[in-house]
Amino acid sequence: MPKYVPNAKRYKYPLPIHPLDQLPAIKPYNPISWVYWLYCYTFSTNQLASKIHAEFTNGKHLTVTGPEDMRYLWENGFFGTAQLSRSEPTWKKRTMVRLGLSEGSTALEHITEKRRTERLKFKQERSRFEAIKLDMRQRGIAEDQILAEERAFLKSLREMEKVFEEEGDVHLREVDEELFGPDEQLMDMEVLELMPVEGIFLTFALPVLDITVEKLLENLTGGEPSYADIHELCLKYVAYHHYRSHGWCARSGIKFGCDFLLYRRGPPFQHADYGVKVLEACKPFDTTLFSGAARVLSGARKPFILCYVELQKPESEVLEFWRQGRLDKVFCSYKVGEASYRRWVPGKNRD
């Protein structure tokens, strides 16, 4: 991959299965071009050359270990979460930069670290100048002179606004020696962990993972599950599939106290637009759950969506479909409804 690829090109496709966009051009005045286009369309396929290998580790954790597979899933739909990074699997790249084995990185973790360092430096400089300004007032210096000093200070801060780059020698720690294999190459210790709903989506809805649907369900719910064992998983997947089918990028929302975060395009482009909590319709819930999640999301300026999933068929019938592997029948047995939740603040919501 080139050193820098624009996000619009790198994250061109919203899903791992791409459309047939490599077809030849059709020339209306040339009938042969029509025949050639039809030939290419008939014998072309958008299936993956080889499915992505996924396996279960530590029980019910579905992980992808191949570096190219992890990068493919992230760049084509933002699936999974890297265990040693924020989201995108960048641990190896960041570690090579830290150990001086490659050039600088533009990973999200590095950008965040630079911004925090710049912000901390600005606060320190601001506190220092406030102490100087207070001392000048105590000594009876005119306000015009103090204002001139403050303008000069702000001008110096604007000149210092640039990307912070830490320079210095690379110090190899003792624990870093364990990161290198017998061939003296840095090992890739990071894996991409998929949510259960992502695993079902990439096997049932899209033929992407090499694991079968039957094996996936057996590891998630056991060999002979009851309806209570599959109920929660069905609710979450129906909501996840609902938003994915409408073009949203749905990711885990656990850090905001909800089930999913919805992005218009993905994390590299903008922050999440909505937080979603999946609920079972016609079932009472503690309202403090809504209040807590809504408070967290409102602090992050994200609207709160309550996604109600309602079962339309008898539980015994749904369970029988599940045991037969008829997931299309299972998920068609549910209906999705949505409501926007807004936290009521006495001081702001008066008449």
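Cys-282 lies in the loop between E7 and H10, where helices (H or I, at least four residues) and strands (E, at least two) are DSSP runs numbered from the N terminus. The model is predicted, so local features need pLDDT of at least 70 and side-chain atom pairs pLDDT 80 or more, while totals for chains, interfaces and linings use all residues. Residues are numbered from 1 along each chain as its sequence is written, and side-chain values use heavy atoms, without hydrogens and water.

**Exercise 1. Describe the backbone and the surroundings of Cys-282 and of Phe-78.**

Step 1: Begin with the backbone of Cys-282, whose phi is positive, about 60 degrees, although this residue is not a glycine. Phe-78 likewise is not a glycine, and its phi is positive at about 60 degrees.

Step 2: Place Phe-78 in the chain, where it belongs to the loop between H3 and strand E3 (81-82).

Step 3: Turn to accessibility, for which buried means under 20% relative accessible area, exposed over 50%, and partly exposed in between (1.4 Å probe, protein chains only). Cys-282 has 78% relative accessibility and therefore counts as exposed, whereas Phe-78 has 4% and therefore counts as buried.

**Exercise 2. Which residues of helix H3 are buried, and what covers them?**

Step 1: Helix H3 spans residues 67-75, and its buried residues are Met-70, Leu-73, Trp-74 and Glu-75.

Step 2: Look at the surroundings of these residues, whose cover includes helix H1 (7-10), strand E2 (61-64), strand E4 (192-194), helix H7 (196-205) and E5.

Step 3: Continue past the end of the helix, where Gly-77 follows H3 with a positive phi near 120 degrees.

**Exercise 3. In what order do the five strands of the open sheet stand, and which strands are at its edges?**

Step 1: The order is E5-E6-E7-E8-E9, and the pairing in this open sheet is mixed; two strands pair if DSSP finds at least two bridges between them.

Step 2: Strand E5 (249-252) and strand E9 (334-341) are at the edges, and because each has a single partner strand, one side of each has no neighbour in the sheet.

Step 3: On average, and with direction ignored, neighbouring strands of this sheet are turned by 30 degrees against each other.

Step 4: Examine one pair inside the sheet, namely strand E7 (residues 274-280) and strand E8 (residues 304-311), which run parallel and are joined by six bridges. Within this pair, Gly-275 has Phe-304 in E8 as its bridge partner.

Step 5: Add helix H10 (residues 287-299), which lies across E7, E8 and E9 and runs at about 140 degrees to E8; the axes are lines fitted to C-alpha atoms, for helices over the stretch in contact, and angles run from 0 to 180 degrees between N-to-C directions.

**Exercise 4. Which residues does UniProt list for "active site", and where are they found?**

Step 1: The unreviewed UniProt entry lists Tyr-263, His-271 and Lys-302 under "active site"; such positions are given in the numbering used here, feature names are shortened, and annotations may be inferred rather than shown by experiment.

Step 2: These residues are spread over 40 residues of sequence, yet they cluster in space, with a largest C-alpha distance of 11.0 Å.

Step 3: Tyr-263 is in strand E6 (residues 260-263), and its relative accessible area of 10% makes this residue buried. Beyond four places in sequence, Tyr-263 is in contact (heavy atoms within 4.5 Å) with several residues, among them Trp-248, Arg-251 and His-271.

Step 4: Lys-302 belongs to the loop between H10 and E8, and with 9% relative accessibility Lys-302 is buried. With neighbours within four places in sequence left aside, the contacts of Lys-302 include Phe-256, His-271 and Leu-297.

Step 5: Comparing the two lists shows that His-271 is in contact with Tyr-263 and with Lys-302.

**Exercise 5. Where is Glu-310 found, and which residues does it touch?**

Step 1: Glu-310 is part of strand E8, and with a relative accessible area of 29% this residue is partly exposed.

Step 2: Not counting residues up to four places away in sequence, Glu-310 touches Ala-281, Ser-333, Tyr-334 and Lys-335.

Step 3: One of these, Ser-333, is 23 residues from Glu-310 in sequence, and their C-alpha atoms are 8.5 Å apart in space.
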